[in-house]
Amino acid sequence: MTTAQDLPEGASLAAHERTAQFFEGGRRRKREIVTPEGVPVTVEIADYGERLVAFTIDFVIWTLLTFAVYIPVLALIGKAGGILIAISIALFFGFLVRNLYFIYFELAWQGATPGKRIVGLRVIDHGGGPLIPSAVIARNLTREVEMFIPLGVLLQGGQSINGAVDWKELATAAWLLFSLAIPVINRDRMRGGDLIAGTMVVSLPKRVLSSDLVERALRFTFTPAQLRAYGAFELQVLEELLRRPHNPETARVLDEVCDKICRKIGWSNPLSRQDVIAFLRDFYTAERAFLEREQLYGKSRPDKYTGPAASA
Amino acid sequence: MTQTADAIGERLIANPELDVAPGAGRPKLVLKSREFRNGREQGWRELDELVRRVERRGVRSLSLDELQRLPILYRAALSSLAVARTIALDRNLLLYLENLALRAYLAVYGPRLSPGAGLRAFFVHDLPAAVRAARWHILVATLALLVGVAVGFILTVQDEAWFSSFMPAAMAGGRGPSSTAASLRDKELFAPWPGAVEAFGVFANVLFSHNTLVGLMCFGLGLAAGIPTLMLTTYQGLGLGAFVALHYNRDLTIECLGWLSIHGTTELGALILLSAGGLVIADKILFPGRYSRIENLALHGRQAALMGVGGILMLFVAGILEGGFRQLVQSTSLRFAIGLGVGALWLIYFSRCGRGARR
């Protein structure tokens with residue numbers, strides 16, 4: 001399920017990233033930004049689906065805005081112009097409204113438009129620097145060149161009735177396809193405007209700090225030999241499962257996990273069904289305390305297959 | 001709660017062997033990561049709140065006190081992240097801190113300017129500066145256009161059959177070797193103003209039509225080492241030269257130039273700017289210096305993009321002039337005055353604006 005090219009070296013990944021790949025199929029691409037303070041921070045490249053959803057939301061908003069401007073103007077003109085003029089005016093207002101919309105919000109909301117904010121996306125500088133106004137303006141006006149002006153040309157192209165192949169329209173269509181292909185063929189999923197402006201779109205959902213799962217006092221106790229059965233990766237998978245909302249499905253999974261753990265560590269005392277969660281939480285606490293202490297002593301244990309031998 | 005945890009922590013530091021003593025009733029155990037979290041969580045939550053407000057309403061929404069707290073809390077969160085990576089195995093905590101540190105980083109080092117000030121800085125400073133930096137490319141693009149105009153003019157003056165080769169039929173609009181001086185004068189140069197709605201149609205047509213497309217192709221084809229850019233620019237010049245020659249042969253040169261100049265100075269300026277932008281791209285690809293070609297393009301792409309933006313803006317103005325003013329102003333001398341005046345304004349804007357007192 002996980003694609004190897006996304007992971008430089010599987011074993012060297014931090015446990016929390018491996019857990020993310022375990023649960024989400026490892027689709028996320030990451031880049032590292034080193035802050036001026038010297039601490040590397042990981043950013044996640046937004047994926048195509050997220051960007052499409054964000055764009056669709058923005059599209060709906062600015063289309064509505066455009067019509068809000070356009071309909072009074074059209075009413076003012078009346079039927080004087082004919083359909084072609086009406087389309088021209090619509091294109092013009094579309095041009096104005098959408099560019100002001102994107103540029104305003106990306107400047108005012110630190111690289112997010114309403115659509116991007118809903119989905120949890122941000123535009124950031126590719127090198128990790130500040131997002132400067134000229135980059136925002138460049139990346140948005142390039143969208144015109146990439147998409148809307150070619151589309152406008154294609155839409156208006158219907159009037160030339162030659163029957164022959166129009167090289168202009170062919171070139172326009174080819175250009176449109178090329179623009180759409182750019183985000184697919186580069187690593188950071190940058191579209192043409194991002195390449196030119198030196199920006200990228202990252203996924204930055206708001207995360208919540210949940211309460212610590214660690215128990216204050218343990219009902220069950222485990223020996224170091226039992227705790228040595230697992231590593232950080234398994235610990236975090238367990239954490240993820242314990243944090244899931246309670247429902248019959250979760251309960252079933254936890255039961256299975258509990259059985260597996262009991263077999264692995266040779267837990268002999270019988271466990272009643274009601275005790276499963278308490279047992280798992282205690283095990284999680286003891287395991288985390290054990291692994292964190294080992295890690296402090298320089299004996300970190302990424303998963304159950306690797307790490308220091310049991311003889312330690 | 002923090003105090004009890006600290007008390008337990010001290011006891012355990014005094015006697016670490018107590019940590020996970022197996023058997024022996026119900027041992028209390030302490031985790032470094034929990035202690036660590038208890039001591040710092042309040043600061044994270046405070047930072048989280050500040051960052052959330054900056055994201056919603058900008059840096060200005062913070063009070064002076066909060067503004068001073070922000071970088072302090074940010075550095076504390078960064079150090080928390082660095083520590084947590086080495087001591088904590090709590091996945092939720094690690095992900096939260098990564099996220100918080102990144103958001104705070106973007107808030108602290110984010111743009112300082114309000115949208116209005118950003119736009120002003122862009123137009124007053126960034127755009128003209130980028131254009132000035134490409135003066136050699138602009139010169140080359142202008143020469144390519146002038147060569148085209150000269151060749152197109154000379155050839156068509158001698159033999160009007162060239163006109164149809166240089167000017168696509170769709171663009172010629174019925175003009176050609178068979179046009180008479182009277183028809184050119186009345187139907188084109190001094191045709192009556194068609195009314196606001198029609199004029200607007202012309203305007204929008206300019207924006208989404210041939211010239212825009214050619215300009216953008218000149219720009220985009222810079223990726224193909226710039227030769228197509230120069231060829232296309234010269235070809236545009238050929239058409240223009242042929243157009244003038246057609247009028248020259250009918251003694252309408254001055255009127256024709258006036259008719260062209262009112263929007264032509266802006267439109268040709270846009271074409272030159274877009275071609276020059278294409279040449280900048282070609283230049284960065286052909287002569288990457290000590291970077292790889294792609295790196296160099298990314299490094300300097302913004303300059304080319306700014307020139308493209310400038311070109312699009314000029315096309316916009318050209319559309320307004322062509323649709324709104326060309327047929328409204330019926331006097332040739334006034335047309336010259338407007339065209340040359342606007343051209344001079346562009347020249348002053350791009351060469352002087354944002355330069356300050358320094359030459």
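Two residues are taken to be in contact if their C-beta atoms, placed from the backbone, lie within 7 Å. With that cut-off in hand, the helix pair H10(A) and H11(A) of this predicted model is a convenient place to start. On the H10(A) side the contact involves A:Leu254, A:Asp255, A:Val257, A:Cys258 and A:Ile261, which meet A:Val276, A:Ile277, A:Phe279, A:Leu280 and A:Phe283 of H11(A). By residue class, this contact comprises nine nonpolar residues, no polar ones and one charged.

The geometry of the pair can be given in a few numbers. Helix H10 of chain A spans residues 248-265 and helix H11 of chain A residues 276-296; they pack at an angle of about 55 degrees, with their axes 10 Å apart. H10(A) is therefore oblique to H11(A). The crossing of H10(A) past H11(A) is left-handed.

A helix pair in chain B offers a second case. Here helix H3 (residues 64-87) and helix H4 (residues 91-108) pack at an angle of about 145 degrees, and their axes lie 9 Å apart. H3(B), too, passes its partner H4(B) in a left-handed crossing. Among the residues making the contact are B:Leu70, B:Pro71, B:Tyr74 and B:Arg85 of H3(B), together with B:Leu93, B:Leu97, B:Glu98 and B:Val108 of H4(B). The residues of this contact divide into 14 nonpolar, one polar and two charged.

Chain A also contains an open sheet of four strands, in the order S1-S2-S4-S3 and with antiparallel pairing. S1 and S3 (121-125) stand at the edges, each with a single partner strand, so one side of each has no neighbour in the sheet. From one strand to the next, the twist averages 50 degrees.

Following the sheet strand by strand, S1(A) (residues 29-34) pairs with S2(A) (residues 40-45) over six antiparallel bridges. One of the partnerships is that of A:Val34 with A:Pro40 in S2(A). These two strands form a hairpin with five residues between them, and in the turn A:Gly38 has a positive phi of about 90 degrees. S2(A) is in turn joined by two bridges to S4(A) (residues 199-203), again in the antiparallel sense, and A:Ile45 stands opposite A:Val202 in S4(A). Five bridges connect S3(A) with S4(A), also antiparallel, with A:Val123 opposite A:Val201 in S4(A).

The sheet also brings the two chains together: H4(B) packs on the sheet and touches S2 and S3 of chain A. The direction of H4(B) makes about 95 degrees with that of S2(A).

Notes: Residues are numbered from 1 along each chain as its sequence is written. Chains are lettered from A and ligands numbered from 1 in the order in which they are written. This is a predicted model: local features need pLDDT of at least 70, side-chain atom pairs count only at pLDDT 80 or more; totals for chains, interfaces and linings use all residues. Axes are lines fitted to C-alpha atoms, for helices over the stretch in contact, and angles run from 0 to 180 degrees between N-to-C directions. A crossing is left-handed if the near helix is turned anticlockwise from the far one by less than a right angle, and right-handed if clockwise. Ala, Val, Leu, Ile, Met, Phe, Trp, Tyr, Cys and Pro count as nonpolar, Asp, Glu, Lys and Arg as charged, and the others, Gly among them, as polar. Two strands pair if DSSP finds at least two bridges between them. Angles under 35 degrees count as roughly parallel, over 145 as roughly antiparallel, 65 to 115 as roughly perpendicular and the rest as oblique.
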